[in-house]
Every structure is written in C-alpha cells, then in structure tokens.
Amino acid sequence: MLENYLPILIFILVGILVGVGSLGLGYLLGPRRPDQEKDSPYECGFEAFENARLKFDVRYYLVAILFILFDLEIAFLFPWAVVLDDLGVFAFWSMVIFLGILVVGFIYEWKKGALEWE
Amino acid sequence: MHFDAANLLPILPEIAVLLTAAIVLVVDLYIDERHREVIHGLTLIGLVVAIALTGVVGGGATELVFAGNVVRDPLADLLKGAILVVSLLVFIYARPWLRDRGMLVGEFYMLGLFSILGMLVMVAANSFVTVYLGLELLALSLYALVAFDRDSSRGAEAAMKYFVLGALGSGMLLYGISMVYGATGSVEFGAVAEALATQGMENKVLVFGLVFMVIGIGFKFGAVPFHMWLPDVYEGAPTPVVLLLGSAPKIAAFGLAIRLLVDGLGSLQADWQGMLLILAVLSIGLGNVVAIAQRNIKRMLAYSTISHVGFIFLGLLAGTEQGYAAAMFYTITYAVMATGAFGILIILSRKGFDAERIEDLKGLNERDSWYAAMMALVMFSMAGVPPLVGFMGKLLVLEAVVRIGFVWLAVVAVIFSIIGAFYYLRVVRYIYFDKPEEDAPALASSGGVRVAMSLNGLALLALGVFPATLLALCQSVFGA
C-alpha cells in the first residue's frame, strides 16, 4: 500500500529540486562582482527619488473592487440575455434573485458613501 | 429547463439566514444610532426561524435537489440544527462586548450570518462544487471578522495570517478536488463513489487527489501539522469573533470531512485512515503538551482545540458507523463547550479590558460564584471528567477505536488527555483557590447572557448524565 505513494514522494522531490536547484545553480555558477552601482536601488533605470513606502489612497482599491463586482455581473447578464428564450422562466427568476442580492449590496455601498469621490 | 419549486423546500433554513443577513444590512443603514440594538433582535429572530424551519423540513428520507448538488438527509438536518443553536448562543454572548466598544454594527451581524450561511451550505452539499462554495463563503466572512477591530494591529496580523494560510488550505483542497474530478469524471459525490467502487485505487491521480484533500481538511480543522494559524488567530482576533470561529465552524468542518471522505471517497477508507491516524496522534500529542506552556487563555484554548480535533479524527478514522456517530457526538458537544469557555471570557471582559491571561480568571468564585461554577463545568468537561459530556464523548470515540483493534491508539489518546487535564484543572484552581486581583470590579452582565450561560453550562452536565438522546440521533444519522 505504501508504494502507492511513491509518485507523491517523487513529486515532492522534483518540486524541491526545481525550486532549490535553480537558485543553487545560480549561486554556484554565477559570477559575483558587486559594486556600488549594482547594489544601489533604482527605479526603471533612474536613481531612486522617492521612498517606496508611501501612503496609498484606499479609495482606488474600493473603486477597483466595485468595478470588478459590477463588471462580473454584466459578464453573467450577457450570455443569460442571449439564451433567455431557451432557458425560460427558471432562468429569469434565478437572475432576478441574483440581481436582488446584488441590489442589497448596492444600497449598502451607496448609503455608506463608497460611490462619492470626495 | 424545468424547475420544481419543491427544490426550495430543503434549503428553507439557508434562505431564512440569507434573508436575515440582507434585512440586517439594510435596516442597519436606515436605523437611528439609538435603536441599533434592533439588528441584534432581528438576527436572533432570523436564527430562531431558521432553527424552526430546519425542524419543519427535516426528517424523512434523503432528498437530492438542484440537480443533485444539494442534499437534505439526517446528517444535514442534525448538523444544521447544531450550527444554528450554537450560533444563537454566540450572538447572545457577543452583544455586551460589542456594545461596550461601539462595535455593535450591522457589519458584524451580516458577516456572522453569512459565515453561518456558508456552514449550512457546506453540511448540505452533495457535490464538490457546493462544498467549496460553502467553505469559501464561511472563510471569507471569517477573514473579515478577524480583522473586525480595525485599530488593532494584532487583529490585522491575525487576519492576514488566517487569510494566507486559509487560502493555501482552500487551494490544496481545490487541487485535490480537481484531481478526483479528473479521475472519476464527476463532481457529484454519488457518481464519484460509484466510479471509485469500479476502478479502485489503481489510478495514481486519485492518490494525489486524496492526499491534497486530506491536507485541505486538516487545514480547515487546524490539525497538526496544519495548525500554525490557529493559536495566532485565536490570540489576535476579538473575543466574540473567536467565539464564533472556535465553535460552529468545527461542526461544519466535521460535515465537510464526512461529505468528502465518507460520501465521496468512502471506498478509499483504507487509504485515508492512515493519513488521519498521523494527523490525530500528532494533534492530540502536540495540542495537549503545548497548551501547558501557554499563559494566554485564548492561546491555551486554541491548543486545546487542536487536541480535541485529534479526538474527532480518531472517531473518523475508525471508519465504522459507530466511529462516525461518536465523532459527530464529540464535535457537537465540543462546540457547546467552546462556546461556554469563550462566553465566560467575554463576560469577564469590560470596556477597555479583555480577559486574556489565565490570571484574569483569578478568584472568579468570589466575584460571581454562578459563572465560576459554569466555567468549572466547561473545564472539567473539556478535561473529560465524568459525569460531564466531555467524558462521554471521549469514551465513545475510544470505544470505536478499540473496536477496530487499535488499542495502542486508544492508550496514546488517554495518556495525552491525562497530560491535558493539567492545564484545565489549573484554570479551575485559579477560579476557586486564588484571590481576585485588587482592582477587579464586579461582573456586569445582563439577564439574557446569564440565562444563556446557565443553559450552556448545565447542558454539558445534562448531556453527560443523559447522553442517550443526542447519541441516538447521531447514530440514526449513520444508521448504526
């Protein structure tokens, strides 16, 4: 019974080999001649002119998330609308329930002011 | 496509919880600050309705609905009922804590209700897709809840850890599911079981799938060696969230394990038995030993959870109807115990103070002897002292293990639970034999909390003395 798990052992070994092997080969074979320029940070080829730890406005994130939500809704609606004739009443009410749940979320975000930029 | 409205009957409890969540969310937006507590009442009403509906639509023969994706059988009925009752207690205990800290807001109730909905979907699933849907709904709500105290950096850290490791666990489970789907050509448990019965373990892909699935289940339960997230999350999360996280989801995780391993991969029992055996022994051993070193009571209870998970796995790995029933009895009663333990921690907390150290329980007997008695009942029950229900659960699980000839395993489990008894009894010592700290004020708690806690504590005693009803229910589920 234990030999059943041999492939898993091989799987793990190959996984380790791929991960450690590539790093190890680079470490062993690669030339290392560090100098000041190579070790200093840079931005797209320029010298660094800003701290990387800057505050990021969470509103962009909010808008992005809301966009994905309603974008996906459209992605569901299009194919549904195309074949609605074949699917009939069941599909119609399924979508109505789906949209109803979505509307609850929409009311929530509107009322909480997530749609106002300022 | 033809659709029968009768399909909706078995999922009425789920519909009730979903509606409650939606209503709570909208009512919370339009309600005046002073009447905020209405949402608490609405949530409780919604849960009671869901419990009633579970009773109404429950019972009778197994029904498959939604093209075989959802099942309503005795297992689903009983687990749903247990999850809802435990959740009801959770919300009752959580209210004073939330109110004192200005966190009694719709989002807590809405996220909590969605996590409950996820649990209900999980235990009523009959296909890999439905199981995964419920699991993710539960997990995503819990990630957000762990970070619910937005100003707490520890909470944010715990949530991050939980999210990353939880996502890893879900990924493992999904990977396993995809392999089993590839090998059997179906995601529905019935069809998978049928395909497995004919082709057996010859297919190597199945072995991979099974291993990944067991790892995923181990992550969700928090079994050693997949337990790393559990103590940190318990320590960092707000106590009411730990209360929610540490009780009902264990019942749902049991449902997940039964659905996947028994309903789906039942014919591979000989293979997953060995894996669960390793997880069980490690969990019981490490959980009980490491808990002794903890000074933070939430961390201590986290390690205690790990050791109890080991006992649940003991029942599962027995692979007999008796073993499953014992594991189910253990899971449900453990959830009740965990609710009591974290409930007491919430009662001990007050505005600006969270009971977190074991020393915070010092002299509880002098401050409030009734709550002290309840906490002592919980601790004795977790330690497995007769006549409390924790003893009954351990006895049933060990009996199942001995029946399949694993006497050594039962001996190991007993030895480690004796070691474990030390840290439970230490808590009892603090409660009864130490003086309260000088500045400890009297415990303020409402009548509702007191009634709920009394029911919770006495239930442990009652179930221990008269285990027959619940046990018979558990056994009837598995036809033993």
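Which residues does Ile83(B) touch, not counting residues up to four places away in sequence? They are Ile116(B), Met119(B), Leu120(B), Ala248(B), Ile251(B) and Ala252(B), where touching, or contact, puts two C-beta atoms, placed from the backbone, within 7 Å.

Some housekeeping before the rest. This is a predicted model, where local features need pLDDT of at least 70, side-chain atom pairs count only at pLDDT 80 or more, and totals for chains, interfaces and linings use all residues. Residues are numbered from 1 along each chain as its sequence is written, while chains are lettered from A and ligands numbered from 1 in the order in which they are written.

On confidence, chain B has a mean pLDDT (the predictor's confidence in each residue, from 0 to 100) of 91, with 99% of its residues at 70 or more. For the complex, the predictor gives an ipTM of 0.80 and a pTM of 0.90.

Back to the core. Ile83(B) and Val146(B) touch the most other members of the largest nonpolar core, which has 188 residues. H14(B) gives the most to this core, 20 residues. A nonpolar core here is a set of buried Ala, Val, Leu, Ile, Met, Phe, Trp, Tyr and Cys residues joined through C-beta atoms within 7 Å. Buried means 20 or more other C-beta atoms within 10 Å of a residue's own; 12 or fewer is exposed, and in between is partly exposed.

Helices are DSSP runs (H or I, at least four residues), as are strands (E, at least two), numbered from the N terminus. Take H17(B), residues 389–403: its 15 residues should span 21 Å at 1.5 Å a residue (times one less than the residue count), and the end C-alpha atoms are indeed 21 Å apart. Its buried residues include Val389(B), Met392(B) and Lys394(B), and among the helices covering them are H13, H16 and H18 of chain B. Gly405(B), with a positive phi near 90 degrees, follows H17(B).

Ser349(B) sits in the loop between H14 and H15 of chain B. Why does Ser349(B) count as buried? Because 21 other C-beta atoms lie within 10 Å.

For chain A, the unreviewed UniProt entry annotates residues 6–29, 60–81 and 87–108 as "transmembrane region". Two of these spans look like this:

| Span of chain A | Helix | Strand | End C-alpha distance |
|---|---|---|---|
| Residues 60–81 | 100% | 0% | 31 Å |
| Residues 87–108 | 95% | 0% | 31 Å |

Finally, the interface: eleven residues of chain B are in contact with 13 of chain A. Helices H1 and H8 of chain B each give two or more residues to that side.

Methods
UniProt positions are given in the numbering used here, feature names are shortened, and annotations may be inferred rather than shown by experiment.
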